[in-house]
Amino acid sequence: MSLLEIHVLGSPVLRTETTPVARVTDDLRRLVDDMFETMHAAQGIGLAAPQVGRLERVAVVEVDREPIVLINPEIVAESGSERAEEGCLSIPDIYGDVDRSARVTVRAMDLDGNVFEREATDLLARAFQHEIDHLHGKLFIDYLSFLKRRGVLARWEDLKEKYPGQRRVLSPASTPSTADGVEPL
Ligand code: NI
């Protein structure tokens, strides 16, 4: 396994539509392993392929120590609405309140090529929605009000200096700030 670089806000790949996965290959399995390792090193609870510069439609999520691989995921049912603070591994140190469906059912393929459905609430539901957005070029800051978004982008102008080439390089020992307790996705 190897740690991957995380693309940060401004990298065009984060705004690029992904391509559905036709079949599970060794290359895809390796990518998923590397994504889990990278997500753990960054202390996140979700990571989507575009965040590591790849355009396969695949994401990983881990809430309550349950690793879930989502290949070609789709939301097939959703209900309710819940607002909570959210962060993203591709926009370090920026957080914002986002309204999400409170309950979702996701249909996806697993690494054995089997299609499954999974119902989720709370943080897991939020993680599913955040990662599926990533697979379609969408970021959580897109949901913020005009003023909030403008504030975030102004802060990012300073923060982005830390990420030359719009890449965030992790080390296995790195301990990123999760100052306010929100785990990024
Ligand atoms: Ni994210």
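This passage describes the nickel site, the open sheet and two of the helices in a predicted model.

The metal site is a good place to begin. Four residues coordinate the nickel ion: Cys88 through SG, His130 and His134 each through NE2, and Leu185 through O, at 2.1 to 2.2 Å. Three of these donors are thus side-chain atoms of cysteine and histidine, as the atom names show, and the backbone O of Leu185 completes the list. The angles among the four donor atoms run from 98 to 140°, and the site is classed as irregular. A tetrahedral assignment would need all angles to lie between 85 and 135 degrees, so the upper end of the range, 140°, rules that class out. Along the sequence, the donor residues follow the spacing C-x41-H-x3-H-x50-L. Because His134 belongs to helix 2 (residues 122-134) while Leu185 sits in the segment after strand 9 (167-168), this pair ties together parts that are 51 residues apart in sequence. His134 and Leu185 are both buried.

Helix 2 holds further points of interest. Asp133 is also found in this helix, and its relative accessibility of 14% places Asp133 among the buried residues, for which the limit is under 20%. The C-alpha atoms of Asp133 and Ala48 are 9.1 Å apart in space, although 85 residues separate the two in sequence. Asp122, likewise in helix 2, has a positive phi near 55° despite being a residue other than glycine.

Turning to the sheet, five strands are arranged in the order 2-3-4-7-8, forming an open sheet with antiparallel pairing. Its edges are strand 2 (46-48) and strand 8 (115-121), each of which pairs on one side only. From one strand to the next, the twist averages 40°. Within this sheet, six bridges link strand 4 (residues 66-79) to strand 7 (residues 103-109) in the antiparallel sense, and one of the pairings matches Ser79 with Arg103 of strand 7. Strand 7 also runs antiparallel to strand 8, to which seven bridges join it; here Val106 stands opposite Arg118 of strand 8. Strands 7 and 8 form a hairpin with five residues between them, and in this hairpin Gly113 adopts a positive phi near 85°.

Strand 4 offers a backbone detail of its own. Asn72 lies in this strand and has a positive phi near 50°, in a residue other than glycine. With a relative accessibility of 22%, Asn72 counts as partly exposed.

Finally, helix 3 can be checked for both its length and its two sides. This helix comprises 14 residues (residues 146-159), which at 1.5 Å a residue should span 20 Å; the C-alpha atoms at its ends are indeed 20 Å apart, in agreement with that expectation. Its buried residues are Val152, Trp156 and Leu159. These residues cover an arc of only 55° around the axis, and therefore lie on the same side of helix 3. The other side of helix 3 carries exposed residues, namely Phe146, Leu147, Arg150 and Asp158.

Definitions and conventions: Residues are numbered from 1 along each chain as its sequence is written. This is a predicted model: local features need pLDDT of at least 70, side-chain atom pairs count only at pLDDT 80 or more; totals for chains, interfaces and linings use all residues. Side-chain values use heavy atoms; hydrogens and water are left out. Helices (H or I, at least four residues) and strands (E, at least two) are DSSP runs, numbered from the N terminus. The expected span of a helix is 1.5 Å times one less than its number of residues. Buried means under 20% relative accessible area, exposed over 50%, partly exposed in between (1.4 Å probe, protein chains only). The arc is that of the directions from the helix axis to the C-beta atoms. Donors are N, O and S atoms within 2.8 Å of the metal (3.2 Å for Na, K and Ca); water is not among the atoms, so sites may look incomplete. Four donors count as tetrahedral if all angles lie between 85 and 135 degrees; four count as square planar and six as octahedral if opposite donors are over 155 degrees apart and all others between 65 and 115; anything else is irregular. Two strands pair if DSSP finds at least two bridges between them. Axes are lines fitted to C-alpha atoms, for helices over the stretch in contact, and angles run from 0 to 180 degrees between N-to-C directions.
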